[in-house]
Amino acid sequence: MKTILISIVLIFSTLTGISQSNEFAGAMGEALGQFANCKSISDYQAAGNRFSLIAGTEKKEWLPYYYHSFCYIMMSFMEPGDAAKKDSYLDEAEKSFTKMIELAPKESEIYALQSMFYSARLVVNPMERGQKYSALSAQAVGMALGLDATNPRAKFIKLRNDMGSAQFFGRDAKEYCPDAEELLASWDTYKVKSPLYPNWGKDQVATIVNECKAGK
Amino acid sequence: MKTLIIILLLTILQMTVSGQTVISGIVTTAEGNLPGANVYLEGTYDGVSTNANGEFSFKTQKKGKMMLKASFVGFETFTKEIELNGSPIHVEIRLTEAFNKLEAVTITAGTFEASDKKRANILTPLDMITTAGAVGDVYGALQTLPGTTTNGESGKLFVKGGDSEESQTYIDGSLVYTPYSSSAPNMSVRGRFNPFMFKGTIFSTGGYSAEYGQALSSVLLLNTNDMPVEDQLDLSFMTVGLGVAGTRLWKTGAVTASLSYNNLAPYMWVVPQNYNWVDYPSNTEGAVSLRQKTGKTGMLKLYSSYTSSKYTITQEDLNHAGKYNDYNLENGNYFVNTSWKSNLGEKWTIAIAASFTNNNDNIAYDTLNFKKQLRGTHIKNVMSYPFSNKFTIRFGAELFSKTYSQQYITVANSIGSHFTNTTSVAFAEAEVYASSKFVTRIGTRFEYSGYLQRANAAPRISAAYKVSKNAQISAAYGWFYQDPINDYLLYTSYLKFERADHYTLSFQQSQNDRTVRTEIYYKNYSGLAKLNSEAFYLPGSYTNTGSGYAKGVDIFWRDKKTIKNGDYWVSYSYIDTKRNYRNYPETAVPGFSSTHNFAAVYKHWFGSLRSYVSLNYKYSSPRVYNNPNSQVFNGEHTKPYRSTDVSWSFLLKQNVIIYAAVTNVFGYKQDYGNSYATIPDAEGVYRSAPIVPGADRFFLLACFITLSKKGEANQVDKIE
């Protein structure tokens with residue numbers, strides 16, 4: 001009888017164990033669904049809240065921090081005018097970077113996003129910040145590619161940075177079109193480690209490729 | 001037994017499936033309902049964001065006592081224990097604004113801060129560099145701010161009716177004994193440091209903290225850059241010289257070594273000069289800068305430079321009609337500055353700074369040789385401890401030691417004199433925020449001079465109050481002491497500290513990238529050192545009987561908003577000052593002060609041309625000077641000072657910048673008064689010659705190239 005009891009308890013505890021990690025996957029899946037449909041600052045704010053809640057519960061996972069800072073970076077890009085507000089969103093995003101780099105210091109995706117984060121800082125005041133943050137952004141994306149040379153998001157961010165500076169310096173950004181096409185063509189060969197891992201960017205590259213084709 | 005198992009299973013089942021609790025409510029702040037706030041049960045996935053009306057509602061399966069939390073950026077997180085038992089819970093949550101030092105009121109009386117740390121700042125580090133007319137000189141850029149008076153024949157800082165010796169410069173906390181280049185009398189100097197070395201600048205024109213002493217009028221605090229971003233090689237080609245700098249990074253530190261050579265000869269062959277040069281000005285400078293992270297929070301910085309410069313000029317000897325003498329100056333300046341900052345444990349922070357200067361001037365004039373040497377050391381240790389985020393104490397100790405010597409060598413003999421003064425200092429200061437609207441800073445500074453054998457205690461107090469979201473008033477009061485000038489201390493130690501009392505009241509309003517700032521002040525000088533006879537070598541000739549006052553109004557207006565891609569500021573100051581000091585026979589308006597000072601700076605970014613253009617205009621009303629042929633002391637007036645300056649920076653490529661600047665574009669003839677003979681000629685007249693600038697205009701053309709692995713770091717920060 002005792003054995004039955006013990007086995008029941010054991011089964012039960014494994015069940016709850018599984019259900020705990022399932023709970024994380026479930027919560028992340030739900031939040032990612034919300035995240036995918038974000039269209040406005042308040043949408044991202046709500047999604048960011050979800051990720052911050054998950055991050056607060058699962059203290060060992062870097063992914064909730066990743067998406068949390070992603071939301072705040074998007075909010076900063078979407079904020080129409082108020083520079084102080086843009087910076088305060090980015091201050092929030094920055095807190096998550098500190099956390100996720102502690103948890104996963106060798107994760108290429110984190111530095112790819114960090115490159116985007118520095119670009120967001122730059123955009124707040126290009127005249128004052130251009131020099132410092134363009135260098136930081138280039139450095140971060142270099143780090144991302146150094147950790148994983150095949151990371152398509154890192155490649156995309158580098159491509160976008162290069163095209164941006166080509167435009168700024170009066171060169172034809174079209175010289176990067178073949179790179180964009182190649183990136184798009186090879187996009188699906190990259191294996192995403194799990195359904196919760198970052199998997200964005202293909203649409204953005206497709207947009208660039210379409211603009212290239214349209215001759216813009 | 002079976003029953004037991006069934007009961008057990010049922011209980012478990014019930015635990016997981018039974019009754020949900022609905023938690024609902026509303027989140028508000030002082031300004032109304034708050035949408036987007038995160039409301040959740042701590043340690044669970046159960047939570048929701050508030051809707052557009054600040055309302056929320058969510059269900060939870062959890063039972064028993066749990067923590068309900070509500071958070072939003074910029075507000076204190078709300079926490080409440082609730083009992084979950086299936087019956088609905090309604091909570092009304094009120095969030096209070098978090099105390100944020102960066103957004104709270106700051107003491108702005110007397111202070112201009114340029115950094116990107118605080119958003120409320122009036123100036124940014126880039127402003128220090130891109131202001132036309134300054135041509136890469138830190139002090140030149142500061143002279144577009146209210147409270148300063150431009151003295152073209154000096155180039156140094158003159159603040160609120162104070163002489164240039166009353167302003168001190170600190171780098172990373174330690175004193176710079178020789179902030180300016182060496183020069184012959186009545187020839188303009190520049191700052192020794194490239195403005196791009198600094199990430200932030202605080203220019204205080206009065207009422208500054210107890211941490212800073214030995215300055216009667218103002219302190220300029222320069223903070224150097226932290227870690228460079230990548231390995232790079234910087235090259236600069238200018239019409240006045242060449243430079244190269246290499247930066248190498250490692251995981252926790254970096255080193256930059258630079259070498260530059262400037263020679264004005266080619267430039268001065270092309271552009272007509274007012275002076276008769278024998279040897280054109282030239283200098284060679286080598287510098288090494290080191291950064292090393294220590295532990296998790298520490299940063300060690302070291303900067304060391306050696307500069308050697310020289311020139312020879314021919315000047316008329318006013319004491320002997322028709323006689324011309326060569327004035328030859330050779331300067332060697334060695335400077336080391338080091339600092340270490342770190343957290344000690346959770347709360348304590350420590351900052352240690354030290355500097356050493358060895359400055360040698362060798363002057364040959366006619367048959368006379370004249371050598372001056374200044375060796376100065378400054379060591380400082382500051383500790384700070386926050387009792388809470390609203391109450392911080394800072395205290396520290398300092399040691400200043402300087403040895404100054406002079407030697408006259410004539411054909412016949414050699415006369416030398418020197419002194420060493422060691423000053424020990426302790427200071428303490430408390431900063432208290434009563435709320436995010438009201439802050440007070442109280443401190444005292446104690447100094448003891450070994451050479452003067454005197455001590456002083458200098459209380460300082462300042463406060464600021466936020467009258468509305470974007471406006472604040474700020475006031476400062478304090479006593480400020482300084483040693484008499486080196487040239488007096490060579491001959492006497494029977495002098496006291498000179499003293500100035502500052503009263504400052506300022507109002508500042510910043511909104512939508514527009515800032516207006518006005519300040520009124522009164523300064524009372526006492527104990528100023530006086531030289532009462534021609535016999536400068538007799539200790540008895542000196543007394544502390546001098547005194548004076550300065551009062552005035554400063555107005556500053558900056559607008560980055562109205563003109564797209566454009567940015568301008570306008571400053572005006574009115575100064576009323578008189579003093580009796582040094583060899584003045586009576587109380588008079590000093591020769592360095594202008595009653596009305598006006599500056600307007602405009603900057604524009606032309607995106608399609610990748611060009612940053614800056615234009616500025618400066619005006620200072622006539623200054624006085626003394627004519628020994630007249631009965632009236634300081635009775636003569638110069639013409640006003642006027643200058644229109646332009647600069648243009650062009651990003652040719654990502655790593656190539658072209659820079660061009662012209663000062664005094666319209667060639668306005670500056671008048672700095674006359675210099676006079678020290679002895680009258682046969683007719684009893686003191687002969688005179690006008691003091692003029694080296695040239696009416698100054699042109700600079702430069703090209704800066706940065707080479708790095710990625711070719712992505714440009715060098716906007718090397719414009720000089």
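## Strands S30, S31 and S32 of chain B

In this predicted model, B:Lys603 sits across from B:Ser614 of S32(B). That pair belongs to an antiparallel arrangement in which S31(B) and strand S32 (residues 611–620) of chain B are joined by 10 bridges. If you follow the chain from one strand to the other, you will trace a hairpin with 4 residues between S31(B) and S32(B). Take a look at B:Arg610 in that turn: its phi is positive, at about 50°.

S31(B) also has strand S30 (residues 566–580) of chain B as a partner. Here 9 bridges connect S30 with strand S31 (residues 596–606), and these two run antiparallel as well. A handy pair to locate on screen is B:Ser573 and its bridge partner in S31(B), B:Asn597.

## An open sheet in chain B

Elsewhere in chain B, 5 strands make up an open sheet, and their order is S9-S12-S13-S10-S11. The pairing in this sheet is mixed. Which strands form the edges? They are strand S9 (111–114) and strand S11 (174–176) of chain B, each of which pairs on one side only. From one strand to the next, the twist averages 20°.

At the S11 end of the order, you can pick out the pairing between strand S10 (residues 167–171) of chain B and S11(B). These two strands pair in the antiparallel sense over 3 bridges. Within this part of the sheet, B:Thr169 lies opposite B:Val176 in S11(B).

## Helix H5 of chain A and its neighbour

Now over to chain A, where helix H5 (residues 108–124) has 17 residues. From first C-alpha to last, H5(A) reaches 25 Å, close to the 24 Å expected at 1.5 Å a residue. Is this helix mostly covered or mostly exposed? H5(A) is mostly covered, with 15 of its 17 residues buried.

One packing partner to look at is helix H7 (residues 152–168) of chain A. The axes of H5(A) and H7(A) are 9 Å apart, and the helices pack at an angle of about 20°. Because angles under 35 degrees count as roughly parallel, H5(A) is roughly parallel to H7(A). The crossing of H5(A) past H7(A) is left-handed.

If you would like to display the contact, select these residues:

- From H5(A): A:Ser108, A:Glu109, A:Ala112, A:Ser115 and A:Met116.
- From H7(A): A:Arg153, A:Ala154 and A:Ile157.

The spacing along a helix is worth keeping in mind here. An α-helix has 3.6 residues a turn, so residues three or four places apart point the same way.

Conventions:
Residues numbered from 1 in each chain as written. Chains lettered and ligands numbered in written order. Predicted model: local features only at pLDDT ≥ 70, side-chain atom pairs only at ≥ 80, totals over all residues. Pairing = 2+ DSSP bridges. Axes fitted to C-alpha atoms, helices over the stretch in contact; angles between N-to-C directions. Expected span 1.5 Å × (residues − 1). Buried ≥ 20, exposed ≤ 12 C-beta atoms within 10 Å, placed from the backbone. Parallel < 35°, antiparallel > 145°, perpendicular 65-115°, else oblique. Left-handed = near helix turned anticlockwise from the far one by under 90°. Contact = placed C-beta atoms within 7 Å.
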